[in-house]
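Please open your viewer and keep the selection panel handy. We will go from stop to stop, and at each one you will hear what to select and what to look for.

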Amino acid sequence: MIRALLLPALLCAPLTLPAGPGHAEGSADDDVRPAAMPVNVGADWPYYGGGDLSQRFSPLSQITPDNVAGLERAFVYHTGDLPPGETAGKYAPETTPLKIGDSLVLCSAMNILISIDAASGEENWRYDPQVPREAIPYGATCRGVAAYADPDRAEGEACKMRVIGTTLDARLIAVDFATGAPCTDFGRGGQVDLWEGIGEKIPAFYAVTAAPTVVRGVIVTGAQVKDGQAEDAPSGVVRGFDAVTGALAWAWDLAAPEEMRNGPPAGKTYTRGTPNMWTTAAADQARGIVYLPLGNSAVDYYGSNRSEAENTYATSLVALDATTGEELWHFQTVRRDLWDYDLGSQPTLLDYMGQPAVLLPSKQGDLFILNRETGAPLSPVGELTDLPQGEIEPGFVADSQPVSLWATLRKPPLTEKRMWGFTPLDQLYCRIRFRQAVYEGYLTPPSTENYIQYPGYIGGSDWGSVAVDPTRGLLIANYNDIPNLNRLVPRAEADAEGMRPPDARSGGRGQPQVGAPYGAKTNAGWRSGLTDLPCSQPPYGGITAIDLQSGEPVWDVPLGTARRSGPFGIPSRLPFEIGTPNNGGAVVTASGLIFIGAAADNLFRAIDTETGETLWTDALPAGGQANPITYEVDGKQYVLISAGGHHAMETGTSDAIIAYRLPD
Amino acid sequence: MVNAPSPGQRVGWGVKLLGWTCVLFGLLLFSGGAWLIALGGSWYYGLAGLGLFASGVLLNRGRMTGLWLYLIVWGGTMAWAWWESGSDWWAQVPRMLSPTIILLLMLTCIPALSRAERARG
């Protein structure tokens, strides 16, 4: 009844949702299986993206721009999961907890499932799936978990509410939300092995680092396949599993969707080397649609021997019927991707121009808004034509590409004067390197000379995704603004340097791209060989508020101070905003605040949604490269971030989960 | 830099240190700058390197003209820096910071240079 009253109100008010606890971010039809969680965002944070629309928006409003300066630490919880010797320098937990009832549930870097009291930080239980160290791929990362309430189970029955975790050694784990005991009716003893149908088991080649998505009782997950190793890499298959039994509901193998729907036939594996989904899918619970942001093929920087199916689906958003796994539509953001512009952000659902819409951020910066049911663009999409073809494979490189005419996080092409340094000498060095490099602007194709890729492969928008404030009609996006300096390495040189893909006995080395005539070298952030500073001038990252109606930025400011940055890795301690690289997203609240860590300065900050002004900061023990959350217990609003640090961001390592609230 | 010159020496070690620093960095800037010009890039570094080198040589000889020449180089640098990047202060760090530090060091050499000029008559 309440739902019947709410729904027309929602439809009549695109971009505006009633603020305040008790209102659903979305609502499910009655004739289908209910949403994964019968809990709304507000006091709780039941989904990785907040509510089921993945808006990273909370209706809570106790903490306001006026009182946020008084925010204090409520508790600091330590997971105890810190890297032992040989894995030091490989940790990036990136963890975002869920909050349901009185408990927070989260996963540590090595996938230990943990429940803590949401008000005190005291540990309720933990379940350690015993992930071996050699399973760590690029980094030990566990971005989040999913929760699912089994509608057919009685209240109080074990595993009525269950936590679904994923592991680096590619398992799905289901434990009871209240006790952490494995749900024994799920898979084998509470586990499902995702290696099934993938092929030879090579540790770290195939790992799950993203939170799974549960829609209509189906757990949807992809996996991270180590980039740039070989054409003969684990499949990018995306699979759905029954959230109660763990049985395979469907498999979506983009190269053989019909043949593989119920798993590969005996003796076969899912199609190898295909584009994968390493990030978290979004789901329309009411429509039963799951949106898969796909990455690129296994070999990123060479494409001539990719299959037609790969060329059709790589770097696309794919909408599937969540119950059957059948494709509804797909939208490709980069044709014949040679830049590793994987779709890394979880899309966000919203109502746009009176239509159900999905907002798709991208690493190249373009933001697209599509109709949720048809995939038809609701924001204008243009065409870049006469693009440079390069000399490596001019017959393969696309000569035109889609581009968002509505909004983009991408900045104008680099010029020589945007080369940087600490003195004129190192700036001169970078200017010489710029002039020597192959660079024909956005989408310069790969070369055996040093070539500039801008934006680089960390975005634009990466896995932190964007947030939407539906009450103000604003999209909040943090982004990176740094180039890569890349080079294709001819096979003989790659072999001479010992580049090799991982095998069952040892890990790989470099990006050999076996199967292609070239390996690849990528200098992310284009560090100067002289000072270790980036060769391009700051800002390296920012945060912007974009008006959803017009696509125009309302404000756009650098994100991150220079306090931890400086030449030769010496912290400058300068308290000025320089705009650092950043990883991890934001949460926005109805009271007009944005909470975000992400930046390389290890500060957690509150920003005024209306102006972009930083109103409060707290120095974290390590980088806040994780999406924060906000929730409420006993009438008190909390904000929480995992301060785990990130190996590649050089922001230290910590096991601290820190919650904040206003003093009593 | 107010060290007294010893007999037979026009300027003291402080001025010489600055002078040789300018010579060294001037040479590096000039050669790298010439390379950048050859690659089709900015002419600033080659020209500034030449000016810095010459200032350093003059400074080593106890010539006040070294300071005047550097003032021209510094002024030109500021004008060029503003033309390239305006009020973007992070972008101005490599352009303005160290040339200005060198200017300040040169200003402290004024007494020593004056004495050297006077000694020369």
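Select chain B and colour it by secondary structure: read along the sequence, the pattern is α-α-α-α-α. That gives 5 helices and 0 strands. Bear in mind as you look around that this is a predicted model.

Stay with the whole of chain B for a moment. Its C-alpha trace spans about 50 × 30 × 20 Å along the principal axes. Of the 121 residues in chain B, 46% are buried. Among contacts with a separation of 6 or more, 59% join residues 24 or more positions apart. If you switch on the surface, chain B exposes about 6,200 Å², with carbon and sulfur atoms supplying 76% of it.

**Stop 1: helix 5 of chain B**

Now select residues 110–120 of chain B, which make up helix 5. Which residues of this helix are buried? They are B:A112, B:L113 and B:A116. Look down the axis and you will find them on the same side of helix 5, because they cover an arc of only 95 degrees around it. The spacing fits a general rule: an α-helix has 3.6 residues a turn, so residues three or four places apart point the same way.

Next, add helix 1 (13–38), helix 2 (44–60) and helix 3 (64–85) of chain B to the selection, since the buried residues of helix 5 pack against these. Just after helix 5 comes B:G121, whose phi is positive, near 80 degrees.

**Stop 2: a patch shared by two chains**

Select A:F422 together with B:L97, B:I101 and B:L105. These four form a nonpolar patch on the surface, with about 320 Å² of accessible area together. Centre on B:I101, found in helix 4 (residues 89–107) of chain B. With a relative accessible area of 43%, B:I101 is partly exposed.

**Stop 3: salt bridges in chain A**

Side chains of opposite charge can pair when their charged atoms come close. The structure holds 35 salt bridges over all chains, and three of them are worth a visit.

- Select A:D150 and A:R153: their closest N and O atoms are 2.9 Å apart, and both residues are buried.
- Select A:R287 and A:E373, a salt bridge with the closest N and O atoms 2.8 Å apart. This pair links distant parts of the chain, 86 residues apart: A:R287 sits in the loop between strand 17 (282–284) and strand 18 (289–293), and A:E373 in the loop between strand 23 (366–371) and strand 24 (381–384). A:R287 is partly exposed at 34% relative accessible area, and A:E373 is partly exposed at 44%. To see their surroundings, add A:D284, A:D351 and A:R372, which are linked with A:R287 and A:E373 in a network of salt bridges.
- Select A:R410 and A:D366, whose side chains meet in a salt bridge (3.1 Å, N to O). A:R410 lies in the loop between strand 26 (407–408) and helix 4 (424–436) of chain A, while A:D366 lies in strand 23, so the pair ties together parts that are 44 residues apart in sequence. Are these residues buried or exposed? A:R410 is buried at 17% relative accessible area, and A:D366 is buried at 0%.

**Stop 4: A:N484**

For the last stop, select A:N484 in strand 30 (residues 484–490) of chain A. A:N484 is buried, with a relative accessible area of 2%. Its side chain makes a polar contact with the side chain of A:N486 (3.5 Å). Beyond its sequence neighbours up to four places away, A:N484 touches several residues, including A:Y451, A:Y457, A:T522 and A:G525.

Conventions. Residues are numbered from 1 along each chain as its sequence is written. Chains are lettered from A and ligands numbered from 1 in the order in which they are written. This is a predicted model: local features need pLDDT of at least 70, side-chain atom pairs count only at pLDDT 80 or more; totals for chains, interfaces and linings use all residues. Side-chain values use heavy atoms; hydrogens and water are left out. Helices (H or I, at least four residues) and strands (E, at least two) are DSSP runs, numbered from the N terminus. Buried means under 20% relative accessible area, exposed over 50%, partly exposed in between (1.4 Å probe, protein chains only). A polar contact is a pair of N or O atoms within 3.5 Å; within protein, one must be able to donate a hydrogen and the other to accept it, and residues adjacent in sequence count only if both atoms are side-chain atoms. Contact means heavy atoms within 4.5 Å. The arc is that of the directions from the helix axis to the C-beta atoms. Accessible areas come from the Shrake-Rupley method with a 1.4 Å probe; for residues, only the protein chains shown count as cover. Patches are made of residues with over 30% relative accessible area and no salt bridge: like charges are joined within 9 Å, nonpolar side chains (Val, Leu, Ile, Met, Phe, Trp, Tyr) within 5 Å.
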